[in-house]
Amino acid sequence: MKVYIIGAGPGDPDLITVKGLKLLQEAEVVLWTDSLVNEELVAKAKPGAEVLKTAGMNLEEMVDIMVDRVKQGKRVVRVHTGDPAVYGAILEQMVLLKKNGVEYEIVPGVSSVFAAAAAVGAELTVPDLTQTLILTRAEGRTPVPEREKLHDLASHHCTVALFLSATLVKKVVDEFLSAGWRPDTPVAVVYRASWPDQKIVRSTLETLGEDMRAHNIRSHAMILAGWALDPDITNRDEFRSKLYDKEFTHRFRRGITS
Ligand SMILES: C[S@@+](CC[C@H](N)C(=O)[O-])C[C@H]1O[C@@H](n2cnc3c(N)ncnc32)[C@H](O)[C@@H]1O
């Protein structure tokens, strides 16, 4: 018996993986992050399952329950928003589970970064423009290591996805501008990606603060910045990959010979 740490996806209950849903439906005990996971998804747990909200629990309380139920021979799932590996605070749970001799397995989920990219119809790694995506956050109450300051990350001029940063926009903009980003660099903000009340705000670095205030976005938002987010990019035909280039051969396709 082990604890399954499952990614619930960004909100839409259909965006959980088939494996995650199966485990949720088989579980006798479900612990879920009620501040971010969709209740409709948790409602798919089997009738009679013990379903517990974790937002009001501390780490030890949560892990004690998991350990206790696993030791009773019950199937336990711990449901996290998006993908558990990104700002999921799962390491501390795994450490305590291990200390208690309980095994665990992680089942990935669709992170909000990808739900947000899908909502705005963007490719985040555009050939000849950027081949790198940085997932990060602005520094607020949670410190960020010195070598990962936004200013330094921004110096790569790639696509940057900012989690947990909706209230720190001024700081974000200042750091990007000081790293040499143009004020008209496109930024897309997706509030509650894949939820029925999802909002998309297309902005630029120089108008980001104003636009987020105007739309009253202060939490639960993904900020995607960089030229890959240019709303006009689908009208341009200059960024093509080698993968489908007719002159480019690879293991699965021969070049066109005429
Ligand atoms: C604690 S982190 C969890 C991230 C999650 N593990 C993931 O992979 O999406 C919470 C932050 O993720 C982002 N987030 C989570 N769900 C979101 C959604 N549906 N739409 C936009 N941003 C979301 C927001 O930046 C929020 O502040």
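Two strands count as paired if DSSP finds at least two bridges between them. Keep that in mind for this tour of a predicted model.

**The sheet.** Start by selecting strands β8 and β10, residues 186-191 and 221-225. They run antiparallel to each other and pair over 5 bridges. For a single example, pick Ala188: its bridge partner in β10 is Leu224.

Now add the other strands of this open sheet. It has 5 strands, and their order across the sheet is β6-β7-β10-β8-β9, with mixed pairing. At the edges are β6 (133-137) and β9 (199-204), each of which pairs on one side only. Looking across the sheet, you will find a twist that averages 20 degrees from one strand to the next.

**The helix on the sheet.** Next select residues 112-120, which make up helix α5. This helix packs on the sheet and touches β6, β7 (159-163), β8, β9 and β10. The direction of α5 makes about 65 degrees with that of β10.

**The ligand.** Select the ligand and the 17 residues around it. Which of them come nearest? They are Val86, Ser111, Ser112, Ala193 and Ala221.

Zoom in on the two serines. Ser111 has a polar side-chain atom 2.8 Å from an oxygen atom of the ligand. For Ser112, a polar side-chain atom lies 2.6 Å from a ligand oxygen atom. Then show the backbone of Leu164, where an N or O atom lies 3.0 Å from an oxygen atom of the ligand.

Finally, turn on the ligand surface. Taken alone, the ligand exposes 560 Å², and the protein buries 93% of that.

Notes:
Residues are numbered from 1 along each chain as its sequence is written. This is a predicted model: local features need pLDDT of at least 70, side-chain atom pairs count only at pLDDT 80 or more; totals for chains, interfaces and linings use all residues. Side-chain values use heavy atoms; hydrogens and water are left out. Helices (H or I, at least four residues) and strands (E, at least two) are DSSP runs, numbered from the N terminus. Axes are lines fitted to C-alpha atoms, for helices over the stretch in contact, and angles run from 0 to 180 degrees between N-to-C directions. Contact means heavy atoms within 4.5 Å. A residue is near a molecule or strand if one of its heavy atoms lies within 4 Å of it. A polar contact is a pair of N or O atoms within 3.5 Å; within protein, one must be able to donate a hydrogen and the other to accept it, and residues adjacent in sequence count only if both atoms are side-chain atoms. Accessible areas come from the Shrake-Rupley method with a 1.4 Å probe; for residues, only the protein chains shown count as cover.
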